[in-house]
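Q: I am new to this structure. Please take a close look at its paired side chains, both charged and aromatic, and show me where they sit.

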Amino acid sequence: MNKYGSFAGGVLKSLFTKPATYGYPFNKKEYPERTRGSIVIDIDGCIFCGLCEKKCPSNAIKVDRNSGTWSIDRMGCVQCENCVNGCPKKVLSTNVNYTAPNTSITVDTFKKAGSENAESVGEACMPKADLDACVFCGICAKNCPQGALSVDRANKSWKLDETLCVSCGLCTEKCPKKCIEMGADETKNEIALKQYDVDDFPKADKKSCVYCGICALACPQGAIELDKDSNMWTVNEDKCIHCGICYYKCPKKCIDMVDRDTAFAAEEENPATSEQTNLPKADLDKCVYCTLCAKNCPQGALTVDRAEKIWKLDADSCVSCGLCVDKCPKKCIDMSASSASEANEPEFKRGYDIDAVPTANLDTCVFCGICAKACPQDAVTVDRENKTWTIDEEKCIHCAICAYKCPKKCIEMK
């Protein structure tokens, strides 16, 4: 009797309460705003450069410039958003709604209206260089994904093959002189629009220079020499190609491009290095002792010992260039220390145990492989076909970069 009474009570309760489920597919579920459901494209703005196809880790995207079509394998897409972040024209985005379930592979193909051939697809604006400011360094040509640019420094020529150009704008972004524009006016070269003369030389303000050596390392011709001990900074006139890369790379902004007479004017003496006021300090609560800060320090001022959990700064060698801050993958270093003792002051907190090992939740993992590519030790192995994710504990340095890079946030440090 009790059994039937309990059953009847459950029936009566269900009559006067809302169902626990919803009527899919008649009632659509509402997803949170940042849900990565499916990739959508504004095909009218697409230039078919193919960069999204190259960035897709699961090869789910196919771009055919000749026919003006863009296709995506919905079942192969892992919603990692690499294509969205890498699109130079920002025509890709993520829809919160997931792809409708299907028993067969779903491939969506989009075709641009009027794109019957490559010529009609390529009507987007083309890059144009301001040759008054151009130093013919060749960086634009090296970064062109289609090989559409030819730069000849000896003959001062900059040439674009419009049949190959896909108007992706990478040449514009990579130009150190910012002298390339998309769709620039053909008459631009008639006017001298430049930040400095093409024949100018770099000159360092030695009162501000910290002799970090970044300018020398960045110089493609090896034209810069410096010595911190003697406060010496010189440029070889014969080697310098006036590209200005040292000017743009200087972290202290103490290099200027000037005329030859000013650049090589005699100096009475080298002024003393300015007093250091800011030194790097690590938040050891977040530091994983990956050693990237030490490897990138141009002066060798940092010592990192993972086994002993040591992070130490040699204040006498440090030039306060800030490269350790820029290169830290955990963003746990800042230029806040005013003395060596403050920079090396120990801290004993931690968000997770230093010896914790990354563990993936395979229920939510999409096996995109981004964690494996990001691992500095190649300790992570991902097999998308067999749905396997493994970690080599002997190689793992517990840096947690895989966890921070995972687009699905399915990796934890345990």
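A: **Paired side chains in their setting**

The chain has 14 helices and 21 strands. Both are DSSP runs numbered from the N terminus: helices are H or I, at least four residues, and strands are E, at least two. This is a predicted model, in which local features need pLDDT of at least 70 and side-chain atom pairs 80 or more, while totals for chains, interfaces and linings use all residues. Residues are numbered from 1 along each chain as its sequence is written, and side-chain values use heavy atoms, without hydrogens or water.

Start with the whole chain. Of its 414 residues, 40% count as buried (under 20% relative accessible area; exposed is over 50%, partly exposed in between; 1.4 Å probe, protein chains only). The chain exposes about 24000 Å² (Shrake-Rupley method, 1.4 Å probe). Carbon and sulfur atoms supply 49% of that area. Take the contacts (heavy atoms within 4.5 Å) with a separation of 6 or more. Residues 24 or more positions apart account for 68% of them.

Now the charged pairs. Side chains of opposite charge can pair when their charged atoms come close. The structure holds five salt bridges (a side-chain nitrogen of Lys or Arg within 4 Å of a carboxyl oxygen of Asp or Glu). One of them joins Arg-260 to Glu-237, with the closest N and O atoms 2.6 Å apart. This pair links distant parts of the chain, 23 residues apart. Arg-260 belongs to helix α9. Glu-237 sits in the loop between β12 (232–235) and α8 (245–249). Arg-260 has a relative accessible area of 41%, so it is partly exposed. Glu-237 has 30%, so it also counts as partly exposed.

Arg-260 has another partner. Its side chain meets that of Asp-261 in a salt bridge, 3.8 Å from N to O. Asp-261 counts as exposed because its relative accessibility is 58%. Glu-237, Arg-260 and Asp-261 are thus linked in a network of salt bridges.

Another salt bridge joins Glu-412 and Lys-414, where the closest N and O atoms are 3.9 Å apart. Glu-412 is partly exposed, at 46% relative accessible area. Lys-414 is exposed, at 64%.

Next, the aromatic pairs. A pair of aromatic rings is described by the distance of the centres and the angle of the planes. A search of the whole structure finds two such pairs (Phe, Tyr or Trp rings, the six-membered ring for Trp, with centres within 6.5 Å; planes under 30 degrees apart are stacked, over 60 edge-to-face, the rest tilted). In one, the rings of Trp-70 and Phe-110 have centres 5.9 Å apart. Their planes stand at 50 degrees, so the pair is tilted. Trp-70 lies in strand β3 (residues 69–73) and Phe-110 in strand β5. The two are 40 residues apart, so to speak of distant parts of the chain is fair. Trp-70 is buried, with a relative accessible area of 0%. Phe-110 is partly exposed, at 26%.

The other pair is Phe-201 and Phe-264. Their ring centres lie 5.1 Å apart, and their planes meet at 70 degrees, so this pair is edge-to-face. It too links distant parts of the chain, 63 residues apart. Phe-201 is in strand β10 (residues 201–204). Phe-264 is in the loop between α9 (260–263) and β14. Phe-201 is buried, at 6% relative accessible area. Phe-264 is partly exposed, at 30%.

Helix α9 ties two parts of this account together. Arg-260 is in α9, and the loop that holds Phe-264 lies between α9 and β14.

Strand β5 (107–111), the strand of Phe-110, has a loop between it and β4 (92–95). Thr-106 has its place in that loop. Thr-106 is buried, at 15% relative accessibility. Leaving aside residues up to four places away in sequence, Thr-106 touches Ile-72, Asp-73, Arg-74 and Met-75.

Finally, the nonpolar cores (buried Ala, Val, Leu, Ile, Met, Phe, Trp, Tyr and Cys joined through side-chain atoms within 4.5 Å). The largest has 21 residues, of which Cys-293, Leu-302, Trp-311, Leu-313 and Ile-333 touch the most other members. The elements giving two or more residues to this core are β14 (279–282), α10 (292–296), β15 (302–305), β16 (310–313) and β17 (333–337). Apart from it lies another core of 18 residues, including Ile-39, Cys-52, Val-63 and Val-84.
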